[in-house]
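The following note sets out comments on the structure shown below, arranged as numbered points.

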Amino acid sequence: MRKSRQLLRGDPQKEYLRIQNELVTGWTYANPLPELVERMGKIRSQLDPVWLATVRTCTTPPAPIDVGRLLPNIAPLAKTTVRLNPRPGSAANDVSKMGGVFLWPKDETWPHCEDHDSAFVAALQLRKEDFPEVEFRPGTDLMQVLWCPNDHEPGYCPDVRVIWRKRADVVDPVEVHPKPAPHEVDYTE
Ligand SMILES: [Zn+2]
């Protein structure tokens with residue numbers, strides 16, 4: 001025991017990896033492990049940035065191969081993507097999240113699919129400040145993605161609506177969304 005504690009104290013890299021692993025497996029909205037997050041931040045500031053860049057974090061690592069160099073024709077089509085890492089839990093209606101209740105004004109009709117006689121479902125909501133990689137429409141700070149949770153021709157995928165809004169404009173928000181009709185569970189679970 002004494003030996004292992006000494007090892008951890010003398011090996012911040014190992015301690016950093018251990019905390020990363022604990023966060024990945026244990027973090028939830030209900031219990032966001034603030035002491036661990038703080039400890040990770042302190043250790044991080046002492047570590048070599050080159051080493052940090054090579055280890056597993058909650059961020060997607062760089063691609064193992066340079067696709068643009070192998071296939072130069074597609075290099076100009078490169079775009080930045082953001083990998084989401086959602087966890088189960090409840091969250092306020094105006095934050096970045098997948099599913100749950102979105103910030104939606106009571107006087108605005110919730111989308112409905114005529115093909116399936118079904119309400120759309122709340123799929124993804126992003127705050128502008130959380131996603132600097134995403135180019136928001138001018139004057140907006142919230143992007144909402146809703147879809148009909150059924151296959152639609154010709155692509156056999158959900159019918160999607162994207163809504164851009166300004167959070168401050170929603171003064172009287174809904175507390176629940178209409179329930180969808182029976183549907184493909186893959187699109188809501
Ligand atoms: Zn539909």
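1. Contacts along the chain. In the protein chain, 60% of the contacts with a separation of 6 or more are between residues 24 or more positions apart. The model is a predicted one, and the points below should be read with that in mind. Of the 189 residues of the protein chain, 10% count as buried.

2. Secondary structure. The protein chain has five helices and six strands. Along the sequence the pattern is α-α-α-α-α-β-β-β-β-β-β.

3. The helix pair. Helix 2 (residues 12-26) packs against helix 3 (residues 34-46) at an angle of about 145 degrees, and their axes are 10 Å apart. The crossing of helix 2 and helix 3 is left-handed. On the side of helix 2, the contact is made by Pro 12, Glu 15, Tyr 16, Ile 19, Glu 22 and Leu 23. Helix 3 contributes Leu 36, Arg 39, Met 40, Ile 43, Arg 44 and Gln 46. By character, the residues of this contact comprise seven nonpolar, one polar and four charged.

4. The sheet. Four strands form an open sheet in the order 1-4-5-6, and the pairing is antiparallel. Strand 1 (97-98) and strand 6 (157-165) are at the edges; each has a single partner strand, so one side of each is left without a neighbour in the sheet. As general background, strands of a sheet pair through backbone hydrogen bonds, either parallel or antiparallel.

5. Register of the strands. The pairs can be taken in sheet order. Strand 1 and strand 4 run antiparallel and are joined by two bridges; here Met 98 has Leu 124 of strand 4 as its bridge partner. Strand 4 and strand 5 pair in the antiparallel sense over six bridges, and Leu 126 has Met 143 of strand 5 as its bridge partner. Strand 5 (residues 142-152) pairs with strand 6 in the antiparallel sense over eight bridges, with Asp 159 of strand 6 as the bridge partner of Cys 148.

6. The nonpolar core. Which residues make up the largest nonpolar core? There are nine: Phe 102, Trp 104, Cys 113, Phe 120, Val 121, Ala 122, Leu 146, Trp 147 and Cys 148. Strand 4 (121-127) and strand 5 each supply at least two residues of this core. The largest share, three residues, comes from strand 5. Cys 148 thus has two roles to note: a member of this core and the bridge partner of Asp 159.

7. Surroundings of Trp 147. With neighbours within four places in sequence left aside, Trp 147 is in contact with Phe 120, Val 121, Ala 123, Pro 158, Asp 159, Val 160 and Tyr 187. Among these, Phe 120 and Val 121 also belong to the largest nonpolar core.

8. Leu 124: buried, partly exposed or exposed? Leu 124 lies in strand 4. The residue is partly exposed, because 18 other C-beta atoms lie within 10 Å, whereas a buried residue requires 20 or more. Leaving aside neighbours within four places in sequence, Leu 124 is in contact with Met 98 and Val 145. Met 98 is also the bridge partner of Leu 124. The C-alpha atoms of Leu 124 and Gly 99 are separated by 6.0 Å, although the two residues are 25 residues apart along the chain.

9. The loop between strand 5 and strand 6. Most residues other than glycine have a negative phi, and most peptide bonds are trans. Where does Pro 154 lie? Pro 154 is in the loop between strand 5 and strand 6, and a cis peptide bond with omega of about 0 degrees joins Glu 153 to Pro 154. Tyr 156 is found in the loop between strand 5 and strand 6 as well. The phi of Tyr 156 is positive, near 50 degrees, in a residue other than glycine. Tyr 156 is exposed, with 8 other C-beta atoms within 10 Å.

10. Asp 117. Another positive phi, of about 45 degrees, is found at Asp 117, which is not a glycine. Asp 117 lies in the loop between strand 2 (112-113) and strand 3 (118-119). Asp 117 counts as exposed because 9 C-beta neighbours lie inside 10 Å, and the limit for an exposed residue is 12 or fewer.

Key: Residues numbered from 1 in each chain as written. Predicted model: local features only at pLDDT ≥ 70, side-chain atom pairs only at ≥ 80, totals over all residues. Pairing = 2+ DSSP bridges. Core = buried A, V, L, I, M, F, W, Y, C linked by C-beta atoms within 7 Å. Contact = placed C-beta atoms within 7 Å. Axes fitted to C-alpha atoms, helices over the stretch in contact; angles between N-to-C directions. Left-handed = near helix turned anticlockwise from the far one by under 90°. Nonpolar A, V, L, I, M, F, W, Y, C, P; charged D, E, K, R; others polar.
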